[in-house]
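Biologist: I am new to this protein and would like to go through it slowly, one part at a time. Could you show me the sequence and the structure before I begin asking?

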Amino acid sequence: MLEQLSDKYAMIDIGSNTMRLVIYEHDSRKKFKQLENVKVVARLRNYLNEEQQLSEEGINVLIDTLCSFQIITRHHSVQHVKCVATATVRQADNREEICRLVQKLTDFEMTILSEYEEAFYGFLAVVNSTDIPEGITIDIGGGSTEITYFLDRQLIEYHSFPFGALSLQLQYVKEDTPTEEERKAIKQFVQSQFETIPWLHGKQVPIVAIGGSARNMVQLHQSFIHYPLAGVHQYEMMLSDIQLLKKQLSGMNYQELQRLEGLSKDRADTILPAMEVFESLCELTEAPRFILSRKGLREGLMFEELIKPLGIGLYPNVLEESFQELVMDFEIDTEHVTQVTKIASLLFQHFRMHLDFPMGDKDLSLLKRAAQVFHLGEYIDSESSSQHTFYLLANRTIDGIRHKDRLKLALLASYKGKSAFRQYMEPFKDWLTKEEQKTLRFLGAVLKFASSLNATKRNIVKHLDIDANSTGFTIKILCCSDYRAEEYQAEKQKKHLEKVTKQPIVLQFQKL
């Protein structure tokens with residue numbers, strides 16, 4: 001289907017709490033760039049009456065909102081629009097009439113997702129944007145909650161519960177925010193629902209949460225602890241973090257909640273019911289950690305469009321896809337990367353036999369990853385490439401990498417010297433041990449030195465060897481062409497290796 005798409009493609013998500021229009025632009029590199037993201041708090045769940053019908057007023061809200069979206073899609077000349085509806089429309093007895101009215105009165109044809117489809121697309125977004133091989137996903141909407149269990153990145157179980165953050169608030173909460181008794185009633189109900197699903201009990205796998213309620217909870221937690229790294233995708237919390245945050249929010253009134261940084265005003269009345277759900281699931285499953293996926297239903301639908309033409313169900317390697325995007329976005333010289341990676345790997349293998357601090361295969365893997373994006377900030381400005389590199393990698397969402405590992409990558413790929421390293425580390429000084437910092441400084445020095453050995457990007461270094469003795473290290477470098485430019489740069493950069501190894505280094509260049 002991808003080859004049939006026009007340059008622009010729109011997704012309309014009709015949820016129980018919010019309706020959202022997202023317009024993507026499809027470029028020549030088969031990537032989708034977001035152009036527009038319009039959200040309307042329609043709260044259709046409020047219009048589902050006792051007869052399980054969406055009232056006339058609710059239908060009018062739906063149609064009016066779609067007509068406002070229509071103005072935007074027409075402005076962008078979008079020919080391909082996927083319009084999907086979830087729990088409230090799915091649960092409405094008059095859903096067929098609603099579909100007819102949408103088709104008659106708007107440009108759109110609305111598809112009602114089944115419980116399985118809603119759960120599946122959330123799962124698809126998670127496994128195509130994280131490195132988590134096994135886990136439980138939860139997507140709390142306004143009127144339903146979808147849960148899946150996946151193993152080896154394959155969907156194993158799913159279940160849809162007929163409650164969501166908004167429906168819990170409507171059913172149990174009399175005022176704007178729940179009292180302690182109301183919170184207890186919500187939790188008791190949610191626990192009783194979860195306990196009916198045998199495969200949830202004591203699973204002891206990560207919980208991966210999707211949707212606005214989870215995102216707002218994470219943003220609140222980041223704000224409360226003054227989290228120094230940008231981005232919420234793959235942000236991790238413990239059960240104790242959720243419980244402490246819930247305790248802090250429970251002591252606030254509705255007006256105070258509305259003023260909190262990180263919490264959308266329209267979720268001030270539903271955040272606590274949602275947190276009761278998250279807490280209950282973590283407790284029942286004995287989850288080791290709670291992780292947010294910024295990618296959800298809409299992204300799952302988009303992933304399907306992207307990977308179907310490839311004849312696969314999943315991206316084979318999420319992190320590799322992310323790095324390919326970085327290579328394209330910053331026009332990275334892949335031949336230079338290959339040469340620097342080769343040299344850096346050789347240096348690593350030789351040095352680790354002689355140094356007194358342990359380094360393993362994970363360190364080598366990190367070194368190779370950093371070589372792919374070493375000083376990518378040159379794309380912006382060569383004079384301050386280190387600063388730009390650190391900022392870009394520390395503040396850009398990279399699918400498939402945890403936050404601490406993203407920090408390590410940023411520190412390594414931006415390596416300029418000990419002083420800059422310490423400057424970048426300052427906000428994160430409690431994240432890494434002294435041993436970890438020493439290893440990163442060594443890897444950074446290796447990478448900087450390896451890059452200097454391909455200063456002219458001619459790939460002239462064919463082999464190198466390292467001799468260690470009581471007086472220090474001798475690095476023998478065999479080249480296939482004139483090496484004066486590389487020799488000059490390597491002599492300048494070897495000081496970083498000398499500082500971290502605390503040994504003098506002699507360079508011996510030789511032409512083959």
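Modeller: Some terms first: helices (H or I, at least four residues) and strands (E, at least two) are DSSP runs, numbered from the N terminus. This is a predicted model, in which local features need pLDDT of at least 70 and side-chain atom pairs count only at pLDDT 80 or more, while totals for chains, interfaces and linings use all residues. Residues are numbered from 1 along each chain as its sequence is written, and side-chain values use heavy atoms, with hydrogens and water left out.

Biologist: Which strands are the edge strands of the open sheet of five strands?

Modeller: Two strands pair if DSSP finds at least two bridges between them, and in this sheet the pairing is mixed, with the strands in the order S3-S2-S1-S4-S5. A strand at either edge pairs on one side only, and these edge strands are S3 (32-40) and S5 (110-112).

Biologist: Helix H11 packs on this sheet; what angle does its direction make with that of S1?

Modeller: Within the sheet, strand S1 (residues 8-14) runs parallel to strand S4 (residues 80-85), and six bridges join them. Asp13 stands opposite Val84 in S4. Helix H11 (residues 297-307) touches S1, S2 (19-26), S3 and S4, where contact means heavy atoms within 4.5 Å. With axes taken as lines fitted to C-alpha atoms, for helices over the stretch in contact, and angles running from 0 to 180 degrees between N-to-C directions, the direction of H11 makes with that of S1 an angle of about 145 degrees.

Biologist: Turning to the other sheet, which helix lies across S13 and S14 at about 150 degrees to S14?

Modeller: This open sheet has three strands in the order S12-S13-S14, with mixed pairing. S12 (461-469) and S14 (505-511) are its edge strands, and S12 pairs with S13 (residues 472-479) in the antiparallel sense over eight bridges. Helix H13 (residues 334-351) lies across S12, S13 and S14 at about 20 degrees to S12. The helix you ask about, which spans residues 484-501, is H19.

Biologist: Is there enclosed space inside the model, and what is the volume of the largest cavity?

Modeller: On a 1 Å grid over the protein atoms alone, a cavity is a set of points where a 1.4 Å probe fits but cannot get out, a pocket is an open set with protein on both sides within 12 Å along at least five of seven lines, and lining residues have an atom within 4 Å of a point. Grid points are joined across faces, edges and corners, and a volume is the space filled by probe spheres set on the points. The structure holds two cavities of 30 Å³ or more, and the largest has a volume of about 490 Å³.

Biologist: How many charged residues line that largest cavity?

Modeller: Its lining has 32 residues, of which Asp13, Asp139, Gly211, Gly212 and Arg298 lie nearest the centre. The elements that give two or more residues to this lining are S2, S6 (135-140), H5 (165-172), H7 (212-225) and H11. Ala, Val, Leu, Ile, Met, Phe, Trp, Tyr, Cys and Pro count as nonpolar, Asp, Glu, Lys and Arg as charged, and the others, Gly among them, as polar. By these classes the lining has seven nonpolar and 15 polar residues, while the charged ones number 10.

Biologist: Which element gives the largest share of the lining of the second largest cavity?

Modeller: That cavity has a volume of about 40 Å³, and its lining includes Glu118, Phe123, Asp139 and Ile210. At least two residues each come from H4 (115-127), S6 and S7 (145-151), and the largest share, four residues, is from H4.

Biologist: Which helix gives the largest share of the lining of the second largest pocket?

Modeller: This pocket has a volume of about 660 Å³, and of its 28 lining residues Lys362, Ser365, Leu366, Asp405 and Lys408 lie nearest the centre. H12, H14, H16 (403-413) and H18 (434-452) each supply at least two residues. The largest share, six residues, comes from H18.

Biologist: How far apart along the chain are Glu320 and Arg369?

Modeller: A salt bridge is a side-chain nitrogen of Lys or Arg within 4 Å of a carboxyl oxygen of Asp or Glu, and the count by this rule is 26. Glu320 and Arg369 form one with an N to O distance of 3.0 Å. Glu320 lies in H12 (residues 318-329) and Arg369 in H14 (residues 361-372), so the pair links distant parts of the chain, their separation being 49 residues.
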